[in-house]
Structures are given as C-alpha cells and as structure tokens.
Amino acid sequence: MNLRQLEVFQAVLQTGNMSAAARLLCITPSAVSKAIAHTELQLSYRLFLRTPSGLTPTPEAQVLATESTGIYRQLDALRRTARNLAASDSGDVRLAAIPSITHEFLPRLLHYHALQHPQVGVEVRTIHQDQMTQALLTRSVDFGLGFYQHPHPQVASDLLVSGQLYLAVAASVWGQAPRTASPGARLAQVPVIRLVGDDPMRQSIDEIAHRLGSPAGPGIQVQTSRLALDLVRLGMGWTVVDFLTARGLDPAQMVTLELHELAPISLYSYQARAFAPSLQATRMLAMLPRLLHEALQGNGKLARR
C-alpha cells in the first residue's frame, strides 16, 4: 500500500461510508471507490463488505488497521508540520500541563505568546503527571510541562528551573497555633491535607508530616495539589506546594515556610523523543526560560538552567 491508498483506507475505516470518506478527503466518492478497488486488487483480498449499516472491514482489514494506525498518525503529523512551516505566522500549538502549572504560570505564557503570535492557535490540556506519557506518545500534544524528570524512556525531559518546596497554611490557622521555638512544630497538631495516587509530591508531604508528628487518622486525601490548597485556604490543615504556587499566594491569607530539609523540585518540559516539535511549539518553548525568570525574579533561592 502506498501513502495515498493508506489515506483512503483509513478514511473509509473511520467513516464506514464511501461518500463520507470522500468528503473527509475532499475528493469524489468515485475516486474513493476506485482507490479501494485498486488496493484490493493489489492485495488479492477484500477490505470491506457492504452491509445494511454501511461498509464493514474484513478481518484482514482489521489487522491492517492495527498495523497502519501509527503510520497514518505520523503522516497526519507530517502534514501539520508542513502547514506550520509554510505559514510561519499561523498554525497551532498543543500543550499539556499539570494543574499547578496551568493555574500559576501558564496564563503568563499564554498572554505573552498571544501578543507575539496572535495568528497561532493554542490548545491547552490540564492533565495529571501519569497521563503525560500517553498524551505525548500519541501526539495529542506537542509538549508537556510538569515537575520531576519523566521516567518513560521515550520521553525527553528538559530542565527549565528549580526551586524549593514550601509548606502552606492559612494565616488564621498559623496565628492560632501555639508559639514554639520551631516554626514547624507550631503545626504539629494541625491536620495535613495529603495527596493520593502517584503524584510525586505525595512523598514530600508524607515526609514532612512524619517529621512534624502530624495527627494520625484517616484525614483528607485529594488528587490534586490545587484542591489541597483550596482546603488549606479554608483552614482545614496544611499541605506542601511548589515554588511557583508559593510565589502566587497572598501573604495576608496564607503563610508559607520554605522546606530546606527537602530536596529542590524541578520544572521540566517534556517531548516525545521520536517526534520533533513543530515550529510553533519550538517558538513557545523558547519563551519559557525568560518568562520563568521574570515570574521568579527576586527569589535568590531559585536555580535556573
């Protein structure tokens, strides 16, 4: 099968109809029919059977579909790259970011990018760290942003900036806590808002809770750092946040304690090793170091790449 035959085959497979496939490819139904017939003649077996519900793929076609889906996606990505290169002032960027990045830093990036490239569309997906692999390897997004180096061998991690973790607690809770010699010890009897699942921040929260001797019991566990912080604002306990989130907190409402005893946390951009990023994605990635530096300016404890 050549690439044109593959394209027609996938279109019929997706639509189940010659006419619908023709509209998808912007050609005539006759051209689709001839392409399928020619492919079947070359292969010496049928690809589709006519049924009352439309065209049904044969078992052979189903096997071909499984084997050819990756090639078809790469072909689609190639077209998209070619379009972006031909129209350097237009195109689109698709990125994924974990919730804390989406809420704290990403608006700054999107605003600056829109000023520099107003004709470029941007699609943002807020996903968890464990969902990043599938999004990158299936080319659902051009790149991702998250904390900690990505463990998957087919995903490249590019260090952007590092900083300390912070303990965050409502100012009202902090003011009512018993005065002690150690700031951390003031929270020994304050509940901790923990994280569930595979979030890398979970281990840091558990370690600090153990050091403080936080109250035992079921407590509250949530899936995202963002929800944990919302509960902290309500005075329900304390949690651990990254340096970007800590920078954005209102000191009148929240108290943050830098956790020197924990290793710094690093922000990375992620890309699939097998796919080069598009021109527009490359331009957006190039904006990150400068914008991160501006966002964190004045904090001498941050180490930039």
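**View 1. Helix α9 lies across strands β7 and β10.** In this predicted model, helix α9, which spans residues 201–212, runs at about 135° to β10 while lying across both β7 and β10. The two strands that α9 covers in this view belong to the sheet described in the next legend, where β10 and β7 stand side by side in the order β10-β7-β11.

**View 2. Strands β10, β7 and β11 form an open sheet with antiparallel pairing.** The sheet has three strands, and their order is β10-β7-β11. Its edges are formed by β10, residues 238–241, and β11, residues 254–258, each of which pairs on one side only. Direction ignored, neighbouring strands of this sheet are turned against each other by 30° on average.

**View 3. Strand β7 is joined to β11 by five bridges.** Strand β7 covers residues 166–170, and β7 and β11 run antiparallel to each other. One place to follow this pairing residue by residue is Ala 168, whose bridge partner in β11 is Thr 256.

**View 4. Glu 261 sits in the loop between β11 and β12.** The loop that holds Glu 261 leads from β11 to β12, the latter being residues 265–272. With a relative accessible area of 41%, Glu 261 is partly exposed, because this value falls between the 20% limit for buried and the 50% limit for exposed residues. When its neighbours within four places in sequence are left aside, Glu 261 is in contact with Ile 208 and Arg 211. Along the chain, Glu 261 and Ile 208 are 53 residues apart, and their C-alpha atoms are separated by 8.9 Å. Helix α9, shown in the opening view, comprises residues 201–212.

**View 5. Helices α1 and α3 pack at an angle of about 110°.** Helix α1 consists of residues 3–15 and helix α3 of residues 29–43, and their axes are 10 Å apart. That angle makes α1 roughly perpendicular to α3, and α1 passes α3 in a left-handed crossing. On the α1 side, Gln 5, Val 8, Phe 9 and Val 12 take part, and they meet Val 32, Ala 35, Ile 36, His 38, Thr 39 and Gln 42 of α3. By class, the residues of this contact divide into six nonpolar and four polar, with no charged residue.

**View 6. Helices α1 and α2 cross at roughly 125°.** Helix α2 is formed by residues 18–25, and the axes of α1 and α2 come within 8 Å of each other. The two helices are therefore oblique to each other, and their crossing is right-handed. From α1, the contact involves Glu 7, Val 8, Ala 11, Val 12, Gln 14 and Thr 15, while α2 contributes Met 18, Ala 20, Ala 21, Leu 24 and Leu 25. The contact of α1 with α2 has eight nonpolar residues, two polar residues and one charged residue. Val 8 and Val 12 of α1 appear in this contact and also among the residues that meet α3.

**View 7. Gly 121 is found in strand β4.** The strand shown here, β4, is made of residues 120–126. Gly 121 has a relative accessible area of 32% and is partly exposed. Not counting residues up to four places away in sequence, Gly 121 touches Gly 91, Asp 92 and Val 93. Although Gly 121 and Gly 91 are 30 residues apart in sequence, the distance between them in space is 6.3 Å, taken from C-alpha to C-alpha.

Definitions and conventions
Residues numbered from 1 in each chain as written. Predicted model: local features only at pLDDT ≥ 70, side-chain atom pairs only at ≥ 80, totals over all residues. Heavy atoms only, no water. Axes fitted to C-alpha atoms, helices over the stretch in contact; angles between N-to-C directions. Helix = DSSP H or I, 4+ residues; strand = E, 2+ residues; numbered from the N terminus. Parallel < 35°, antiparallel > 145°, perpendicular 65-115°, else oblique. Left-handed = near helix turned anticlockwise from the far one by under 90°. Contact = heavy atoms within 4.5 Å. Nonpolar A, V, L, I, M, F, W, Y, C, P; charged D, E, K, R; others polar. Buried < 20%, exposed > 50% of the residue type's maximum accessible area, 1.4 Å probe, protein only. Pairing = 2+ DSSP bridges.
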